[in-house]
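The report below reads one protein chain from its sheets inward to its core, and then outward to its charged pairs. Please keep the sequence and the coordinates at hand while reading.

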Amino acid sequence: MYTINHTKTTIEILNSEKTVFAEIRINDGASLQKLILSGNTLIKDLSPLEYKNTYASSVLFPFANRIKDGVYSYEDKNYKFPINEVPNNNALHGLVFNKTFKIIDEDSTKDSASVKLLYKEDKKSDGFPFTYSIQLEYILTETSLDLNVTVINTDAKSFPFTLGWHPYFLSNNLHESSLAFESSKKMAFSKRMITTGTISNPDNSEIKIKDKQLDDCWQLDKTKVVFTTPKYNLVINSTEKDSFLQAYTPPLANVIAIEPTTGVSDSFNNKIGLKTLNPKETYQLNWNLKLN
């Protein structure tokens, strides 16, 4: 049987066998801070690294990654997001990573548990003068986690957006781990990690991580990504056909960020992966983690 427990700032989901556990931090964008499936620790607290710097497991909306100088134009008007990557003068990872979500539904059974959380933005900011709601639904089983994301444009005007997820996964030996996916195009970056274009993907279909310092982005030909470690194999998938993969190795041993996104850095300007949501319309996607 699955149990859902609450504190003022967190939701904990666990099964009676203690082989499944999840911790969701409500005040940090309803981000998934801990995850155990089938007794395997996939996501853990990144201490001493701080959430304000890692954005660990945050959902990235209305843009994933960076926007150069925070500026963009939409429908002949100019806007500027706050700069929160000061050394590179970029806007980084959207606007909901530090928002407080509200629990609107939960359910637990013998074989699974789910929780739905909602954030409504009713105030129009200078950088993104539109209203919207974003709902996150986490569903856990013994071997899987689904994250269903629903964005609704509650404004009277359309707005641009991309969407991403920033989980960091634990390996008992990252040097002996690998990433496998199908991609024919890779993003080219400036020194400020701003996308300058696409190049033919020089990487093999399987990247052996070893001592690589990754901060790379690929356009996926197929949405399936496989993270293979000495202890577990994890399949990461998305319902969004036009998907990208960002991989980043932080200054912490045996941890890697594997980030599915619908766009790339500076997508509000280069338009790569950029989508538009019209008034009252809904956008939905699913990210799925499955132990293989």
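Does Asp69 count as buried, partly exposed or exposed, judged by relative accessibility? At 24% relative accessibility, Asp69 counts as partly exposed, and this value, like the others in this report, is computed from a predicted model.

**Charged pairs**

Asp69 forms a salt bridge with Arg192, with the closest N and O atoms 2.7 Å apart. Asp69 belongs to the loop between β7 (66-68) and β8 (71-74), whereas Arg192 belongs to the loop between β19 (185-189) and β20 (195-200), so the pair ties together parts that are 123 residues apart in sequence. Arg192 is partly exposed, its relative accessible area being 24%.

A second pair is formed by Lys186 and Asp203, whose side chains meet in a salt bridge at 3.1 Å, N to O. Here Lys186 sits in strand β19 and Asp203 in the loop between β20 and β21, so the parts tied together are 17 residues apart in sequence. With a relative accessible area of 11%, Lys186 is buried, while Asp203 counts as partly exposed at 26% relative accessibility. Glu23, Arg25, Asp28, Lys34 and Asp45 are joined into one network by salt bridges that share partners. Within this group, the side chains of Asp28 and Arg25 meet at 3.4 Å, N to O, and Asp28 counts as buried at 18% relative accessibility. A search of the whole structure finds 13 salt bridges, of which the table lists three.

| Salt bridge | N to O distance |
|---|---|
| Asp28 and Arg25 | 3.4 Å |
| Asp69 and Arg192 | 2.7 Å |
| Lys186 and Asp203 | 3.1 Å |

**The five-stranded sheet**

One open sheet has five strands in the order β1-β2-β3-β4-β5, with antiparallel pairing. Its edges are taken by β1 (2-6) and β5 (40-43), each of which has a single partner strand, so one side of each is left without a neighbour in the sheet. From one strand to the next, the twist averages 10 degrees. The pairing of β1 with strand β2 (residues 10-15) is antiparallel and runs over five bridges, and the bridge partner of His6 in β2 is Ile11.

Two residues of strand β4 show how the surroundings can be read from contacts. Gln33 lies in strand β4 and counts as buried at 5% relative accessibility. A polar atom of the Gln33 side chain lies 3.0 Å from the backbone oxygen of Ala56. Leaving aside neighbours within four places in sequence, Gln33 is in contact with Glu23, Arg25, Ile43, Lys44, Asp45, Tyr51, Ala56 and Ser57. Ile36 is also found in strand β4 (residues 31-37), but is partly exposed, with a relative accessible area of 23%. With the neighbours within four places in sequence again set aside, the contacts of Ile36 are Thr19, Val20, Phe21 and Thr41.

**The nine-stranded sheet**

Nine strands form an open sheet in the order β11-β12-β13-β14-β28-β24-β23-β18-β21, and the pairing is antiparallel. At its edges stand β11 (102-108) and β21 (206-208), each with a single partner strand, so one side of each is left without a neighbour in the sheet. Ignoring direction, neighbouring strands of this sheet are turned by 15 degrees against each other on average.

Strand β13 (residues 132-140) and strand β14 (residues 144-153) pair in the antiparallel sense over nine bridges, with Tyr138 opposite Leu147 in β14. Strand β23 (residues 225-228) and strand β24 (residues 233-238) pair over four bridges, likewise in the antiparallel sense, and a hairpin of four residues joins them. Phe227 has Leu234 as its bridge partner in β24. In turn, β24 pairs with strand β28 (residues 282-291) over five antiparallel bridges, where Asn237 has Asn288 as its bridge partner.

**The nonpolar cores**

Which residues have the most contacts inside the largest nonpolar core? They are Ile13, Leu35, Ile134, Phe169 and Phe227, in a core of 70 residues. Phe169, not counting residues up to four places away in sequence, touches Leu42, Ile43, Phe227, Tyr232, Leu234, Ile236, Asn254, Val255, Ile256, Ile258 and Leu289. Apart from the largest core lies another core, of ten residues, among them Leu46, Tyr55, Ala56 and Val255.

Key: Residues are numbered from 1 along each chain as its sequence is written. This is a predicted model: local features need pLDDT of at least 70, side-chain atom pairs count only at pLDDT 80 or more; totals for chains, interfaces and linings use all residues. Side-chain values use heavy atoms; hydrogens and water are left out. A nonpolar core is a set of buried Ala, Val, Leu, Ile, Met, Phe, Trp, Tyr and Cys residues joined through side-chain atoms within 4.5 Å. Buried means under 20% relative accessible area, exposed over 50%, partly exposed in between (1.4 Å probe, protein chains only). Contact means heavy atoms within 4.5 Å. Two strands pair if DSSP finds at least two bridges between them. Helices (H or I, at least four residues) and strands (E, at least two) are DSSP runs, numbered from the N terminus. Axes are lines fitted to C-alpha atoms, for helices over the stretch in contact, and angles run from 0 to 180 degrees between N-to-C directions. A polar contact is a pair of N or O atoms within 3.5 Å; within protein, one must be able to donate a hydrogen and the other to accept it, and residues adjacent in sequence count only if both atoms are side-chain atoms. A salt bridge is a side-chain nitrogen of Lys or Arg within 4 Å of a carboxyl oxygen of Asp or Glu.
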